[in-house]
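Please look over the protein shown here before reading on. A biologist will put questions about it, and a modeller will answer them.

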Amino acid sequence: MKQVTILFAFFVFFGTNLLAQPPNRVINHFVNEINEIRTKGCRCGGKKMQPVGKIVWSDHLYATAASHASEMEKYKFFSHFSRNGDDIGDRFDDFDYPWRYAGENLGEGQDTFEEVVKDWLESPSHCKMIMNVNMKEMGIAKRGRYWVQHFGTKMPPNHRRTSRKYTEGN
């Protein structure tokens, strides 16, 4: 109950400020919960997913998630595409995140982090994104009814992307 109270207080006080980072205890909760799933492995739909490495929090990916969640909240829409048609790769580029891998989970209407994670795990595509071995960093934001979980892995130094086209990584 204490964790739910902390998370509720965070979203009440910081939920409308795009630049406000969650407190460390909230970040740690998000990362620990996702890493518990990733390191145990799970079943995504009918597919058994083997354990994968831990993920780390990215302030950069939090900002991209918060931006998309804020746009959906402001204009009352729910989509992996921005109102102007940008996908996650475009949004990462707009925030100068040099992505090699990019992924996104969305949720709408869940009151708590635990609820949205439960829903993501019940959806094979969302679950596979959580378990994607290529994803090394994560940021999560909630604005109003909308949750955005961004995953990414940066391009290695001295490399460049040869295609700007984003494709779903599962």
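The exchange below goes from the overall fold to single residues.

Modeller: This is a predicted model, in which local features need pLDDT of at least 70 and side-chain atom pairs count only at pLDDT 80 or more, while totals for chains, interfaces and linings use all residues. Residues are numbered from 1 along each chain as its sequence is written, and side-chain values use heavy atoms, with hydrogens and water left out.

Biologist: In what order do the elements of the protein run from the N terminus on?

Modeller: Helices (H or I, at least four residues) and strands (E, at least two) are DSSP runs, numbered from the N terminus. The protein has six helices and six strands. From the N terminus on, their order is α-α-β-β-β-α-α-β-α-α-β-β.

Biologist: What percentage of the 170 residues in the protein is buried?

Modeller: Buried means under 20% relative accessible area, exposed over 50%, and partly exposed in between, with a 1.4 Å probe and protein chains only. By that rule, the buried share of the 170 residues is 48%.

Biologist: How far apart are the end C-alpha atoms of helix 2?

Modeller: Helix 2 covers residues 24–40 and has 17 residues. The expected span of a helix is 1.5 Å times one less than its number of residues. For helix 2 this gives 24 Å, and the model agrees, because the end C-alpha atoms are apart by 24 Å.

Biologist: Which residue forms a salt bridge with Glu36?

Modeller: A salt bridge is a side-chain nitrogen of Lys or Arg within 4 Å of a carboxyl oxygen of Asp or Glu. Glu36 is partly exposed at 39% relative accessibility, and its partner is exposed at 57%. The two are four residues apart in helix 2, so about one helical turn separates them. With the closest N and O atoms 3.1 Å apart, the partner is Lys40.

Biologist: Within what arc do the buried residues of helix 5 fall?

Modeller: In helix 5 (residues 113–122), the buried residues are Phe113, Val116, Val117 and Trp120. The arc is that of the directions from the helix axis to the C-beta atoms. Seen down the axis, these residues line one face of the helix, because they fall within an arc of 100°.

Biologist: How many residues of strand 5 are buried?

Modeller: Glu137, Gly139, Ala141 and Arg143 point one way from strand 5, while Met138, Ile140 and Lys142 point the other way, and all are buried. Strand 5 (residues 137–143) is therefore largely enclosed by the rest of the structure, its buried residues numbering seven of the seven.

Biologist: How many bridges pair strand 5 with strand 6?

Modeller: Two strands pair if DSSP finds at least two bridges between them. Strand 5 and strand 6 form a hairpin with two residues between them, and Gly144 in the turn has a positive phi of about 60°. One bridge partner pair is Arg143 with Tyr146 in strand 6. The pairing is antiparallel, and its bridges number seven.

Biologist: Which residue in helix 4 is the salt-bridge partner of Glu104?

Modeller: The two side chains meet at 2.5 Å, N to O. The pair links distant parts of the chain, 13 residues apart, with Glu104 in strand 4 (residues 99–108) and its partner in helix 4. Both residues are buried, and the partner is Arg91.

Biologist: What value is phi of Lys76 near?

Modeller: Lys76 lies in the loop between helix 3 (59–75) and helix 4 (88–94). Lys76 is exposed, with a relative accessible area of 54%, and forms a salt bridge with Glu73. Its phi is positive, in a residue other than glycine, and is near 55°.
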